[in-house]
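The exercises that follow are meant to be worked with the sequence and the model open side by side. Each one sets a task and then gives a solution in steps.

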Amino acid sequence: MSFRVVVPASSANMGPGFDSMAIALSRYMSITVEPGSDGDSANAQQDQLTDGRDMVTYAMQYLADSVGRTLPPASVRSRSDIPVARGMGSSAAALVGGMLAGNQLLGEPLGNKELLQLASHVEGHADNLAAALFGGAVLAVPVSSGHITVELDINMELSAAVLIPKQIGFTTDARAVVPTQVDRADAVYNASRCALLVHALSTGCPELLGDAMQDRWHQPYRSALYSHMDSVIAAARGAGAYGASLSGSGPTILALCHPRKSATVAEAMKHAADRHDVDCSAEVVTIDTAGAQILGLKKRSNG
Ligand code: HSE
């Protein structure tokens, strides 16, 4: 039976939660799988590996190899409206989608938590992956046995505006500028804001998000790569966003807002980026709360 895997975009870090927090957004990768056909494939523009393979095919094979199985013949077609290499979780969506597709073809040898562990071995951190898989706002906390993932309650009306530059951002470059040692005052700054962010979302205190989404660990260093970053974040706040941050490793900027404000916030972000001559679009997106879905077959359990 053919099936389709649909996986949302995501915005990692949300300011202070470097490599450990993310939120899923309403842009999607869709992978259609037809088992038993001749194995042809046609894939959306997506993250490529250095050997030219696309991430979906790679993820399907990686999962099969990990469980010691051979993938049955199937045609695989993907399409995506998640911009590639902009800090919106395109590679995480492809990895999660490919692994879910491979897992489904093999009769679901892995549950979602095992699948997340496997994907994190490829990606290196699980923030975007957990948001793509589970939806909503998530914590992905690395522990000795893998990751503890927590799906956070969002007890407020929340939507988002994203400023998406045309400029591609390479995650490796954006990670290379982040210091590996953190000053004690900065550690306190970020740790306290992570706690505040979880509190603000789960207890429904949007007025705390402005402080909660601030960061001293990675954004100040990444601003050297993205001339628009500070101005666009300030413009979003000035237009009424609850809080704003660099989206993942950039160059996209995320603003969390009341749904009634998000169009105004998007417009203000675009004007600020225009002043920096950044070729970009600004869009309103919603928070995806469903996470990855397999359609055409029974719904997966979160096992
Ligand atoms: N947490 C990651 C980073 C997200 O900020 O580098 C990008 O993969």
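**Exercise 1.** With which residue does the side chain of E283 meet in a salt bridge, and what is the N to O distance?

*Solution.* The structure is a predicted model, and side-chain atom pairs count only at pLDDT 80 or more. Starting from the side chain of E283, one arrives at R27, the N to O distance being 2.5 Å. The next step is to place both partners: E283 belongs to strand β10 (residues 280-286) and R27 to strand β2, so this salt bridge ties together parts that are 256 residues apart in sequence. Counting over the structure by the salt-bridge rule, one obtains four.

**Exercise 2.** Describe how the chain is divided into domains, and characterise the contact between them.

*Solution.* First, the domain assignment gives domain 1 as 3-151 + 288-296 and domain 2 as 159-286. Second, the centres of the two domains, taken over C-alpha atoms, are separated by 24 Å. Third, the contact involves 25 residues on the side of domain 1 and 36 residues on the side of domain 2.

The size of an interface is often given as the accessible area lost when the parts come together. For domain 1 and domain 2 the area buried is about 2200 Å², with carbon and sulfur atoms giving 62% of it. On the side of domain 1, the residues that lose the most area to domain 2 are P16, F18 and R86, which together account for 31% of what that side buries.

**Exercise 3.** Work out which polar and charged pairs cross from domain 1 to domain 2, and which elements of domain 1 supply the contacting side.

*Solution.* Side chains of opposite charge can pair when their charged atoms come close. Applied across this interface, the rule finds two salt bridges. A salt bridge is also formed by D19 with R175, whose closest N and O atoms lie 2.7 Å apart. Turning to polar contacts, one counts 14 residue pairs between the two domains, with both residues at pLDDT 80 or more.

The elements that give two or more residues to the side of domain 1 touching domain 2 are β1 (3-12), β2 (21-35) and β5 (137-143). The largest share, six residues, comes from β2. Sorted by residue class, this side of domain 1 holds 14 nonpolar, seven polar and four charged residues.

**Exercise 4.** Find the aromatic partner of F18, and explain why the pair links distant parts of the sequence.

*Solution.* A search of the whole structure yields two aromatic pairs. In one of them F18 is joined with W217 in a tilted arrangement, the centres being 4.9 Å apart and the planes 50° from each other. Since F18 lies in the loop between β1 and β2, and W217 in the loop between α7 (209-212) and α8 (219-222), the pair ties together parts that are 199 residues apart in sequence.

**Exercise 5.** Examine the local geometry and surroundings of selected loop residues, beginning with the loop between β1 and β2.

*Solution.* Both N13 and S20 are placed in this loop. For N13, phi is near 85°, a positive value in a residue other than glycine. For S20, setting aside neighbours within four places in sequence, the contacts are D127, V138, L139 and A140. The C-alpha atoms of S20 and P142 are separated by 7.8 Å, although these residues are 122 residues apart along the chain.

The last step moves to the loop between β8 (243-246) and β9 (253-257), where P251 is found. The peptide bond from G250 to P251 is cis, with omega near 5°.

Conventions:
Residues numbered from 1 in each chain as written. Predicted model: local features only at pLDDT ≥ 70, side-chain atom pairs only at ≥ 80, totals over all residues. Heavy atoms only, no water. Domains from an automatic or database assignment. Contact = heavy atoms within 4.5 Å. Buried area = accessible area lost by both parts, 1.4 Å probe. Polar contact = N/O pair within 3.5 Å; in protein donor to acceptor, adjacent residues only side chain to side chain. Helix = DSSP H or I, 4+ residues; strand = E, 2+ residues; numbered from the N terminus. Nonpolar A, V, L, I, M, F, W, Y, C, P; charged D, E, K, R; others polar. Phe/Tyr/Trp six-rings, centres within 6.5 Å; stacked < 30°, edge-to-face > 60°.
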